[in-house]
Amino acid sequence: MKTIRKVIQGDVKYLKEVLDSIELFPSEMLDDMISDYFDNPDSEDIWFTALDNEKPVAIGFCAPEKLTEGTYNLYAIGVRNDIQASGIGSKMMAYIEKYLKDKGHRILIVDTSGTDDFRLTRKFYEKLDYTKEAIIRDFWQKGDDKVIYWKKLN
């Protein structure tokens, strides 16, 4: 069983390795993206990871939706490419859902692509009981729709 916990500073180099193994976002963006989480004690950002032998092998990031009450958006989740489809992603989702619910938050939103390359990603969220709420055509680029999933946490 992999341990899942919030990210600590020493995880960053391993999280960059995870990012370099998948196409979530470029690893060189991580330092800027995670800086508020480390530097601002009032940050509501949540960065979390799964560990294998005490080494991060997955990354997750969510933050509150501005101007909402208890709604969070999962902006990123990814598992190192050589261990994908091993159940870590589902465990990461269960972790963040429980974490948010325990803090009294109501809803988790997930956005993904409507292209064939993301078909398995969409099936992943549907398997976890997320409801497809909306499709915004040509959002990411021409021919690449934004698919929005929703789940009530409490």
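**From a serine side chain to a surface patch**

Let's start with a polar contact: the side chains of serine 43 and aspartate 36 meet at 3.1 Å. Keep in mind that this is a predicted model. Serine 43 sits in the loop that links helix H2 (30-39) to strand S2. Its side chain has another partner as well, reaching the backbone nitrogen of aspartate 45 at 3.1 Å. If you set aside residues up to four places away in sequence, serine 43 touches Asp36 and Tyr37.

Follow the chain out of that loop and you arrive at S2. Is S2 mostly buried or exposed? Six of its seven residues are buried, so the rest of the structure largely encloses this strand. Part of the picture is its strand partners. Strand S1 (residues 3-6) pairs with S2 in the antiparallel sense, over four bridges, and there threonine 3 stands opposite leucine 51 of S2. Strand S4 (residues 58-64) also runs antiparallel to S2, joined to it by three bridges. Look for phenylalanine 48 here, whose bridge partner in S4 is glycine 60.

S3 pairs with S2 too, again antiparallel, over two bridges. In this pairing, aspartate 52 stands opposite lysine 55 of S3. S2 and S3 form a hairpin with two residues between the strands, and asparagine 53 takes a positive phi there, near 55°.

Now for some backbone angles worth a look. Most residues other than glycine have a negative phi. Glutamate 54 goes the other way: it isn't a glycine, yet its phi is positive, about 70°. You'll find glutamate 54 in the loop between S2 (46-52) and S3 (55-56). With a relative accessible area of 64%, glutamate 54 counts as exposed, because the cut-off for that is over 50%.

Further along the chain, which strand holds aspartate 138? That residue lies in strand S7, and its phi is positive as well, near 55°, though it is not a glycine. Aspartate 138 is partly exposed, at 43% relative accessibility.

S7 (residues 131-141) also holds tryptophan 140, which is partly exposed with a relative accessible area of 43%. So where does that tryptophan show up on the surface? Trp140 belongs to a nonpolar surface patch with Ile136 and Phe139, and together the three have about 290 Å² of accessible area. Tryptophan 140 can be part of this patch because its 43% relative accessible area clears the cut-off of over 30%.

Terms used
Residues numbered from 1 in each chain as written. Predicted model: local features only at pLDDT ≥ 70, side-chain atom pairs only at ≥ 80, totals over all residues. Heavy atoms only, no water. Patch = residues over 30% accessible without salt bridge, like charges linked within 9 Å, V, L, I, M, F, W, Y side chains within 5 Å. Areas by Shrake-Rupley, 256 points an atom, 1.4 Å probe, with all protein chains shown as cover. Salt bridge = Lys/Arg side-chain N within 4 Å of Asp/Glu carboxyl O. Buried < 20%, exposed > 50% of the residue type's maximum accessible area, 1.4 Å probe, protein only. Polar contact = N/O pair within 3.5 Å; in protein donor to acceptor, adjacent residues only side chain to side chain. Contact = heavy atoms within 4.5 Å. Pairing = 2+ DSSP bridges.
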